[in-house]
Amino acid sequence: MRTAVVVGAGMAGLAAAGALSRSGWQVTLLERAERIAAAPTAVVLWPNGRRALDALHPDGGWSAIASPLPDGGVRRPDGQWLVPPRARPGAGGPAPAVAHLEDMYDALVAGLGDTEVRTGFEVTTVRTGRRIRPACGDGRTMIEADLIVAADGIDSRVRAVLAPESVAVGSGFSAWQAVIPGYRMPRLTEDRALGGETLGAGYRFVALPLGAHAAGKGGIYWVATAAGAPRPEPAATQLALLQRWFAGWHEPVAELLALTRPEELIPQGVRELRPLPRTYAYPSGPGGVLLIGDAAHAMPHHLGQGACLAFEDAATLRSLLADAAPGDALTGALESYTRLRQPRTTTVVRQNRRMSAVVQARGRLALRARDAALNHMRPRILGRTLDPVSDWSPPE
């Protein structure tokens, strides 16, 4: 029996563990927290992410938890259009969608199959070698397997051992997220529609409608970003700061912030990996260790591609490793993984950094240049087609 250990039970780890388990691997999933739980936020599924999920679960019924993502265009804080909304084409692949993270986790956990789940297990050590099976442990217990998949996030302990040159650094932004439940939603009219974004001088606000049954309560998901380091104040103070920073912006921005409760606010320092690891695969004996998700290519969320790339990773992993036996076949499949994924993730990271420059624009001349460039940028920002970023299909 082929054995695999997946480190980390976020979206990347859950998707990879389920994919391997359904491909005949004996999988152990390790999670340092005491339980697998999703933050009360949401995730945007661009066409590439939806294709990856369809490849992972052909009968997964993702449409049941995902709501269509309307194209709300891009505005200035005063409401003037920078990029007007437009109708999405009716063909060309799955349409962008948004899903509550709790619903996504429920679906991914349901797809784990026979995976053994161990919570409260924090991986602190990794062992590899030319003639030994890879292993990882928490300082008390070592677990060997043919394959170890590191999906333990931007602060990956596995990556710190295998690729210490790749470290998490601040991106110069802070972000705040919240979901307003459906029973507290404001009344929305055509001129107060959701689904787009607003760009100010170093500030950004995005609001997306969730389906009526998202996490059992529907609602609105919003994200705000501002240039600067993470704030140390309590959530109530940070929410008051947001209300002050975004005061005077077109509706319903101020109303959404006013309807948000401090306990619903999720602050986050925006970070990224610099440089990216030189390889995602590290051979060891008959198998090796693989980096996926944020452990391999964490980036700011300006393009909303973090989860989509994680699902791409898992779909690629499933395709390459479905029939790979330990030995030359498995080590060759791991090398192929890097060859397929590195050019792809490098391209998305590069595009994401271009978007960072747009969001960071401050000052009259910089803002004027940003506004002029928006209609010509590829990939388009939120609410637009993201090709070539979203132009991805699972390998055969």
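This report describes the domains, sheets, cores and some single residues of a predicted model.

## Domains

The assignment for the protein chain gives two entries: domain 1 (3-70 + 91-168 + 273-365 + 377-390) and domain 2 (170-272). Domain 1 is written as four stretches of sequence, while domain 2 is written as one. Taken over C-alpha atoms, the centres of domain 1 and domain 2 are separated by 26 Å. Contact between them involves 32 residues of domain 1 and 31 residues of domain 2.

## The seven-stranded sheet

An open sheet of seven strands has the order S6-S5-S14-S15-S16-S13-S17, and its pairing is mixed. Strand S6 (81-83) and strand S17 (266-274) each have a single partner strand, so each has one side without a neighbour in the sheet.

Inside this sheet, strand S13 (residues 167-180) and strand S16 (residues 220-227) run antiparallel and are joined by eight bridges. One position can be followed across this pair: Gln177 has Val223 in S16 as its bridge partner. Helix H9 lies across S13, strand S14 (197-199), strand S15 (203-209), S16 and S17. The helix runs at about 130 degrees to S17.

## The three-stranded sheet

A further open sheet has three strands in the order S9-S10-S11, with antiparallel pairing. Its edges are strand S9 (125-129) and strand S11 (142-144), each of which pairs on one side only. From one strand to the next, the twist averages 20 degrees.

Strand S10 (residues 132-137) is joined to S11 by three bridges, and the two run antiparallel. Cys136 has Ile143 in S11 as its bridge partner.

## Nonpolar cores

The largest nonpolar core has 86 residues. Within this core, the residues with the most contacts are Met11, Leu20, Met104, Leu147, Phe311 and Leu321. Helix H9 (residues 328-359) supplies the largest share, nine residues. The core also takes at least three residues from each of domain 1 and domain 2. Another core, of 18 residues, lies apart from it; Leu194, Ala224, Val253 and Leu265 are among its members. In soluble globular proteins, nonpolar side chains tend to be buried together.

Met11 shows how distant parts of the sequence meet. Beyond its neighbours within four places in sequence, Met11 is in contact with Val43, Leu101, Met104, Tyr105, Leu108, Ala307 and Phe311. The buried residues of helix H3 (residues 101-110) are Leu101, Asp103, Met104, Tyr105 and Leu108. These buried residues of H3 pack against helix H1 (11-21), strand S3 (42-45), helix H2 (47-56), strand S7 (97-100) and H8.

## Buried polar residues and cysteines

Glu312 is in helix H8 (residues 306-321). Its relative accessible area is 0%, so Glu312 is buried. Not counting residues up to four places away in sequence, Glu312 touches Asn48, Ala52, Arg341, Arg344 and Trp392. Glu312 and Thr345 are 33 residues apart in sequence, and their C-alpha atoms are 9.9 Å apart in space.

His302 lies in the loop between helix H7 (294-297) and H8. With 2% relative accessibility, His302 counts as buried. Leaving aside neighbours within four places in sequence, its contacts are Phe173, Arg204, Asn352, Met355, Ser356 and Val359. Between the C-alpha atoms of His302 and Asp323 there are 36 Å, with 21 residues separating the two along the chain.

Cys136 counts as buried because its relative accessibility is 0%. Cys308 likewise counts as buried, at 0% relative accessibility. The structure holds zero disulfides.

## Backbone exceptions

Most residues other than glycine have a negative phi, and most peptide bonds are trans. Ala215 has a positive phi of about 50 degrees although it is not a glycine. Ala215 is placed in the loop between S15 and S16.

The peptide bond from Glu251 to Pro252 is cis, with omega near 10 degrees. Pro252 belongs to the loop between helix H5 (235-245) and helix H6 (253-259). Arg274 and Pro275 are also joined by a cis peptide bond, with omega about -15 degrees. Pro275 is in the loop between S17 and strand S18 (281-284).

Conventions. Residues numbered from 1 in each chain as written. Predicted model: local features only at pLDDT ≥ 70, side-chain atom pairs only at ≥ 80, totals over all residues. Heavy atoms only, no water. Pairing = 2+ DSSP bridges. Helix = DSSP H or I, 4+ residues; strand = E, 2+ residues; numbered from the N terminus. Axes fitted to C-alpha atoms, helices over the stretch in contact; angles between N-to-C directions. Core = buried A, V, L, I, M, F, W, Y, C linked by side-chain atoms within 4.5 Å. Buried < 20%, exposed > 50% of the residue type's maximum accessible area, 1.4 Å probe, protein only. Domains from an automatic or database assignment. Contact = heavy atoms within 4.5 Å. Disulfide = S-S within 2.5 Å.
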